[in-house]
2 protein chains.
Amino acid sequence: MQKTKRLLAIEKLITEEEISSHEVLLKKLKGKGLNCTQATLSRNLRQLGAGRIPDGRGGYKYFLPDNSGNLPSKAAKIQVLPAIREIVEAKGLLVIKTIPGNASNTAFYIDNTSRFEIAGTIAGDDTILVIPRDGISINQVHTCLEIILPGLHEQIKKKNI
Amino acid sequence: MQKTKRLLAIEKLITEEEISSHEVLLKKLKGKGLNCTQATLSRNLRQLGAGRIPDGRGGYKYFLPDNSGNLPSKAAKIQVLPAIREIVEAKGLLVIKTIPGNASNTAFYIDNTSRFEIAGTIAGDDTILVIPRDGISINQVHTCLEIILPGLHEQIKKKNI
DNA sequence: AGAAAAAATGTATAAATATGCAGAAAACAA
DNA sequence: TTGTTTTCTGCATATTTATACATTTTTTCT
């Protein structure tokens, strides 16, 4: 799954460094063994919701609007991820199973990332229903979840061995 | 003073409507009798710190990063503006004179707009020292103040008649 | 597995945006 | 005022970014 890796790398790069153009980003990615073209980058940046603003020194830089206002901290993420046991599709929706009692934390976390792809969530005790926005495929939601919670799918695989 | 008007109009337009391109903005401005070219717009948008992000529906839109987190309300602005009596340059800095006791409110307001042009302020009882960032001219600070407090300079003229 | 559908990607190019330069306008000084 | 300097602007164009289309890759279904 090349794209997911790339998306994650892009997120990391534009938050940690001042990236001034697609071209620069392209080279940085190439340096990490993630090759693609400017066209793909353009699409990926849009998908990530990445924007561009003046850098205050005559140039421009890319950035990710951080929904981090009320976003759970990195620490929270570390708690959320291991609580997830399983993800299943049902009727065009995603059902996430968690360790008992952890559904609402997890759903809260997902909600607060304010990803466009996700219309909303409903949580019980150990089950979360994730409702994708119209026009968003299940796969897109998976990618989205992977962005929110890097390592998610790999972890689930392991649990199910 | 055509530029100031234009800057204000641009700010208003991109915060109140979803502007998708320079071209669209150009037409809206034309509608208000403010004519210019795309080139000028490009420069103005940079000066305003305006950025562009995906609009979540396949397109893009311009926006102003709102430093409004702790920005005084519009109401506060209405109180701040009339308290300002005079603006003088001194040694590459700006000295703002206010009605007695109003300096710190006013300085607080200016600080919290987080304009790039202004490195910081120091306030006494009726006097504020505004320190422009290196490389920023006094005129640029004036423009900046006019953006923060529309009508400022016109008001000062009247007071001094 | 193999067929069918969906998603991802590259290529070429269109569209959008930024900028060097020169002239115009405005601010400033005396 | 008049000359001087700074800022602003448009024009033409370079640069950058987005996208239509064709192809490949990945998923989904049976």
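**Exercise 1. Place Glu89(A) and state whether it is buried, partly exposed or exposed.**

Step 1. Glu89(A) has a relative accessible area of 47%. Buried means under 20% relative accessible area, exposed means over 50%, and partly exposed lies in between, with a 1.4 Å probe and protein chains only. Glu89(A) is therefore partly exposed.

Step 2. The residue belongs to strand E3 of chain A, residues 84-90. Helices (H or I, at least four residues) and strands (E, at least two) are DSSP runs, numbered from the N terminus.

Step 3. Glu89(A) and Val130(A) are 41 residues apart along the chain, and their C-alpha atoms are separated by 9.6 Å.

A note on the source: this is a predicted model, in which local features need pLDDT of at least 70, side-chain atom pairs count only at pLDDT 80 or more, and totals for chains, interfaces and linings use all residues. Residues are numbered from 1 along each chain as its sequence is written, chains are lettered from A and ligands numbered from 1 in the order in which they are written, and side-chain values use heavy atoms, with hydrogens and water left out.

**Exercise 2. Describe the layout of chain A, then locate Thr113(A) in it.**

Step 1. Chain A has 7 helices and 6 strands. Along the sequence they follow the pattern α-α-α-β-β-α-β-β-α-β-β-α-α.

Step 2. Chain A has 161 residues, of which 42% count as buried.

Step 3. Thr113(A) lies in the loop between helix H5 (103-112) and strand E5 (118-123) of chain A. With 9% relative accessibility, Thr113(A) counts as buried.

Step 4. The buried residues of H5(A) include Ala103(A), Thr106(A), Tyr109(A) and Ile110(A). After H5(A) comes Ser114(A), with a positive phi near 50 degrees.

Step 5. From Thr113(A) to Leu145(A) the C-alpha distance is 9.9 Å, with their positions 32 residues apart in sequence.

**Exercise 3. Which residues come nearest to DNA strand D, and which elements supply the surface near it?**

Step 1. Around DNA strand D there are 21 residues; Arg43(A), Arg46(A), Tyr62(A), Arg6(B) and Thr40(B) come nearest. Of the strand D atoms that come within 4 Å of the protein, sugar and phosphate account for 70%. A residue is near a strand if one of its heavy atoms lies within 4 Å of it.

Step 2. Helix H3 (38-48) of chain A, and helices H1 (2-16) and H3 (38-48) of chain B, each supply at least two residues of this surface. H3(A) gives the largest share, 5 residues.

Step 3. The surface near strand D divides into 6 nonpolar, 8 polar and 7 charged residues. Here Ala, Val, Leu, Ile, Met, Phe, Trp, Tyr, Cys and Pro count as nonpolar, Asp, Glu, Lys and Arg as charged, and the others, Gly among them, as polar.

Step 4. Look at individual atoms. A polar side-chain atom of Arg43(A) is 2.7 Å from a base nitrogen of DNA strand D. Arg6(B) places a polar side-chain atom 2.2 Å from a phosphate oxygen of the strand, and a side-chain N or O atom of Tyr60(B) is 3.2 Å from a phosphate oxygen. A polar contact is a pair of N or O atoms within 3.5 Å; within protein, one must be able to donate a hydrogen and the other to accept it, and residues adjacent in sequence count only if both atoms are side-chain atoms.

**Exercise 4. Repeat the analysis for DNA strand C.**

Step 1. DNA strand C is surrounded by 21 residues, the closest being Arg6(A), Arg43(A), Arg43(B), Arg46(B) and Tyr62(B). Sugar and phosphate make up 64% of the strand C atoms that come within 4 Å of the protein.

Step 2. H3(B) supplies the largest share of the surface near strand C, 5 residues.

Step 3. Phosphate oxygens of strand C lie 2.7 Å from a polar side-chain atom of Thr40(A) and 3.4 Å from one of Arg52(A). His22(B) comes in through its backbone, with an N or O atom 3.1 Å from a phosphate oxygen.

**Exercise 5. Find the ring that lies under the charged end of Arg52(A).**

Solution. The ring is that of Tyr60(A), whose centre is 4.8 Å away. In chain B, Arg52(B) lies over the face of Tyr60(B), 4.9 Å from the ring centre. A charge sits over a ring if NZ of Lys or CZ of Arg is within 6 Å of the ring centre and within 35 degrees of the ring normal.
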